[in-house]
Amino acid sequence: MHIQFAELPVFDQDRAKAFYTRHFACKVTADEKMGDSGWRWIELKFPDAVTNLHFVRRADDAPGAEPVLVLVDDDVEATIAALKAGGVEIITEPQEAPWQPGRTVAEFRDSEGNRMVIGSQ
């Protein structure tokens with residue numbers, strides 16, 4: 001058993017799709033029209049991941065205060081450096097997780113204002 005997708009609130013689907021395909025090499029697994037509202041069913045897949053991201057409509061574009069997702073990466077420092085070089089807002093620089101010694105974590109904000117955590121395994 002596995003989780004098919006995690007819902008990620010977005011305001012602008014095209015902007016979010018561009019952010020995740022550019023910065024994380026996500027592949028678009030679905031992009032289909034949903035009714036007449038202009039909203040689409042979009043799912044993205046991270047390389048080597050089982051669970052996809054699915055965009056849900058966000059009520060507004062105000063920045064989120066709490067983390068939405070935790071991403072796991074082998075080299076948090078390099079990923080944060082690449083995100084920073086790409087103009088992404090870094091909330092916290094890589095540091096040791098206070099709840100798990102030896103684990104490195106950092107936080108950034110995606111194109112939709114979602115607060116995201118990235119951590120080592």
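Is Arg-115 buried or exposed? Select Arg-115 and look. This is a predicted model, and in it Arg-115 is buried, with a relative accessible area of 18%. The cut-off for buried is under 20%, so Arg-115 falls within it.

**Stop 1: around Arg-115**

Arg-115 sits in strand β8. Now show what Arg-115 contacts, leaving aside neighbours within four places in sequence. One run of partners is Gly-64, Ala-65, Glu-66, Pro-67, Val-68 and Leu-69. Ile-91 is also in contact with Arg-115. So are Glu-107, Phe-108 and Arg-109. Keep Phe-108 selected for the next stop.

**Stop 2: the nonpolar core**

Phe-108 belongs to the largest nonpolar core, which has 24 residues. Add Leu-8, Tyr-20 and Phe-24: with Phe-108, they have the most contacts inside this core. Next, colour the elements that give two or more residues to the core. The strands are β1 (5-10), β3 (40-45), β4, β5, β7 and β8, and the helices are α1 and α2. The largest share, four residues, comes from α1.

Zoom in on Phe-24. Residues up to four places away in sequence are not counted here. Phe-24 touches Phe-19, Phe-46, Pro-47 and Leu-71. Phe-24 also touches Thr-79, Leu-83 and Phe-108.

**Stop 3: helix α2**

Thr-79 and Leu-83 lead to the next selection. Both are among the buried residues of α2, along with Val-76 and Ile-80. Turn the view to look down the axis of α2. The buried residues fall within an arc of 95°, so they line one face of the helix. What lies over them? The cover for the buried residues of α2 includes α1, β6 (89-97), β7 (100-109) and β8 (115-119). Then step past the helix to Gly-87, which follows α2 and has a positive phi, near 85°.

**Stop 4: the largest pocket**

Finish with the open space. The largest pocket has a volume of about 630 Å³. How many residues line the largest pocket? The lining has 22 residues. Select Phe-46, Pro-47, Ala-49, Leu-71 and Val-72, which lie nearest the pocket centre. Phe-46, Pro-47 and Leu-71 were also on the list of residues that Phe-24 touches.

Which elements each supply at least two residues of this lining? They are α1 (13-24), β4 (52-57), β5 (67-72) and α2 (76-85). β5 gives the most, with four residues. Now colour the lining by type: 14 residues are nonpolar, five are polar and three are charged.

How values were computed:
Residues numbered from 1 in each chain as written. Predicted model: local features only at pLDDT ≥ 70, side-chain atom pairs only at ≥ 80, totals over all residues. Heavy atoms only, no water. 1 Å grid on protein atoms, 1.4 Å probe; cavity = no way out; pocket = protein on both sides within 12 Å on 5 of 7 lines; lining within 4 Å. Points joined across faces, edges and corners; volume = space filled by probe spheres on them. Nonpolar A, V, L, I, M, F, W, Y, C, P; charged D, E, K, R; others polar. Buried < 20%, exposed > 50% of the residue type's maximum accessible area, 1.4 Å probe, protein only. Arc of directions from axis to C-beta. Contact = heavy atoms within 4.5 Å. Core = buried A, V, L, I, M, F, W, Y, C linked by side-chain atoms within 4.5 Å.
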